[in-house]
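Open the model in your viewer and keep the selection tool at hand. We will walk through it stop by stop, picking something to select each time.

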Amino acid sequence: MESIYYVLCWHCHRRCKHCYESRFRPYIRDELEDVVKEAETNFPKIIANLPPRMTFLEPSDDSKSPDSYTEKTGKIILSGGDVLTEPVRERILYPVLEALQEKYKDNGGIKVVVQTTGDLLTPKIIEELLSRDVWSISVSGMDDFHVGMEGDKKNVLAEKVIAMLEAAGIKQADGEPDERMLETGPIFSMFGASEDSWIGKLWPRGRAWKNGLSRATIEDKATIEDNFCNAWSGGLNFLQHGYAGSEVSIDPTGDVYPCCIKTAHPLGNLTEEPLIEVLDDLAGIPAIDAINAGRPERMGLTHGWDEAKFIAESATTTPTGDDYENFCIGCDKFHVEVLGSVLDERRRERRAQRLGVLASTG
């Protein structure tokens, strides 16, 4: 598989108003122990159910052999919250890094990315990450949305972080034509939320939604301006797990989704079932295939939701009282009213089949 975006824990040291997930926030005392313990309990099961080989096929550059492919090493992005907070770093991140290297060391390898807001990095932590064979450190908090990063503050921090990373011998990937082409590390990248990149006009999720910050639209009924599904880290090509372009997102609970934005209902849960089994089982369901094609408006064609109905269901009013239209809204409604029960039934069938196989071999 080319990429897996694995959210290790809900704990974060910030409560940013633009965040797409309301569970990303500071936790203290018993609440902190609860979210850390959840992640600590689940990660061995989740890692056990990741693909046995994290490689993917990419079309060869050889124009004389258009059907030939090159096998490349996939990546797993470890994110939060912020995975460098205490005690997430020691109890979850470092054991996960070690477990991933062990799982894939003799089976195609793995490129591991640690994503952090940046302000928790220290030379000691950087060295500890490198000692665990981290391929890339992704600094994602360099924007005016993150608390404490407004204005020139982010530039001051960026200079400090870059100096630390370069002093550790890590090269910056920014400016490369395609980070995916960089097979050798360690590297680092630095970015932040903006109008035109990463989460674009802000996903209609979490505190960004509650605070009325998302400006994603449906420009008109024929031309879709902000179709998050039809993009990397959206649902596009998530089912094609053996080839370039596939990515899924995993929560600390083990729930797996076709996109980082997260549908209103998970595809399955990796604490109890293998990821590839889930994806292969759901391939061929028209609604799932529509997500995979980046065409969410076609999700309901076999359930009485034609494109016109889906677009109509994509309109709503924001918590701040503004009119709003985006495909994510229609997708959420379709999952709640229709697709969620379909996914639950398929999950029950997979569980029954696994139990039946275990009983017959036991």
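At what angle do helix H2 and helix H3 pack, and how far apart are their axes? Keep that in mind while you get your bearings.

**The whole chain**

This is a predicted model. Show the whole protein as a cartoon: there are nine helices and 13 strands to find. The protein has 362 residues, and 52% of them are buried. Switch to a surface view, and the protein exposes about 15,900 Å², of which carbon and sulfur atoms supply 51%. Among contacts between residues at least 6 apart in sequence, 66% join residues at least 24 apart.

**Stop one: two helices**

Now select residues 88-104, helix H2, and residues 123-130, helix H3. Here is the reply to the opening question: the two helices pack at an angle of about 35°, and their axes are 10 Å apart. Turn on side chains for Arg 89, Leu 93, Tyr 94 and Leu 97 in H2, which meet Ile 125, Glu 128 and Leu 129 in H3. By class, this contact has five nonpolar residues, two charged ones and no polar ones.

Stay with Arg 89 and add Glu 90. Their side chains meet in a salt bridge, at 3.9 Å from N to O. Is each partner buried or partly exposed? Arg 89 is buried, with a relative accessible area of 10%, whereas Glu 90 is partly exposed at 39%.

**Stop two: a bridge between loops**

Select Lys 201 and Asp 226, whose side chains meet in a salt bridge of 3.8 Å, N to O. Lys 201 sits in the loop between strand S8 (187-190) and helix H5 (206-210), and Asp 226 in the loop between H5 and strand S9 (247-250), so the pair ties together parts that are 25 residues apart in sequence. Lys 201 is partly exposed, with a relative accessible area of 25%, while Asp 226 counts as buried at 12%.

**Stop three: a network of charges**

Next, pick Arg 350 and Asp 281. They form a salt bridge, with the closest N and O atoms 2.9 Å apart. This pair links distant parts of the chain: Arg 350 is in helix H9 and Asp 281 is in helix H6 (residues 275-282), 69 residues apart. Arg 350 counts as buried, at 3% relative accessibility, and Asp 281 is partly exposed, at 22%.

Widen the selection, and both residues turn out to belong to a network of salt bridges that includes Glu 272, Glu 273, Glu 277, Arg 346 and Arg 354. Across the whole structure, a search finds 33 salt bridges.

**Stop four: along helix H9**

Helix H9 covers residues 327-361, and Lys 333 lies in it. Select Lys 333 and show its neighbours: leaving out residues up to four places away in sequence, Lys 333 touches Trp 305, Glu 313 and Ala 315. Add Phe 310, which is 23 residues from Lys 333 in sequence and 9.0 Å from it in space, C-alpha to C-alpha. Lys 333 is partly exposed, with a relative accessible area of 25%.

**Last stop: the cysteines**

Why does Cys 12 form no bond with Cys 16? Their sulfurs are 6.4 Å apart, which is too far for a bond. Cys 12 is buried, with a relative accessible area of 8%. Now go to Cys 229: its closest cysteine sulfur is in Cys 259, 6.7 Å away and again too far for a bond. Cys 229 is also buried, at 13% relative accessibility. The count of disulfides comes to zero.

Note on methods
Residues numbered from 1 in each chain as written. Predicted model: local features only at pLDDT ≥ 70, side-chain atom pairs only at ≥ 80, totals over all residues. Heavy atoms only, no water. Helix = DSSP H or I, 4+ residues; strand = E, 2+ residues; numbered from the N terminus. Buried < 20%, exposed > 50% of the residue type's maximum accessible area, 1.4 Å probe, protein only. Contact = heavy atoms within 4.5 Å. Areas by Shrake-Rupley, 256 points an atom, 1.4 Å probe, with all protein chains shown as cover. Axes fitted to C-alpha atoms, helices over the stretch in contact; angles between N-to-C directions. Nonpolar A, V, L, I, M, F, W, Y, C, P; charged D, E, K, R; others polar. Disulfide = S-S within 2.5 Å. Salt bridge = Lys/Arg side-chain N within 4 Å of Asp/Glu carboxyl O.
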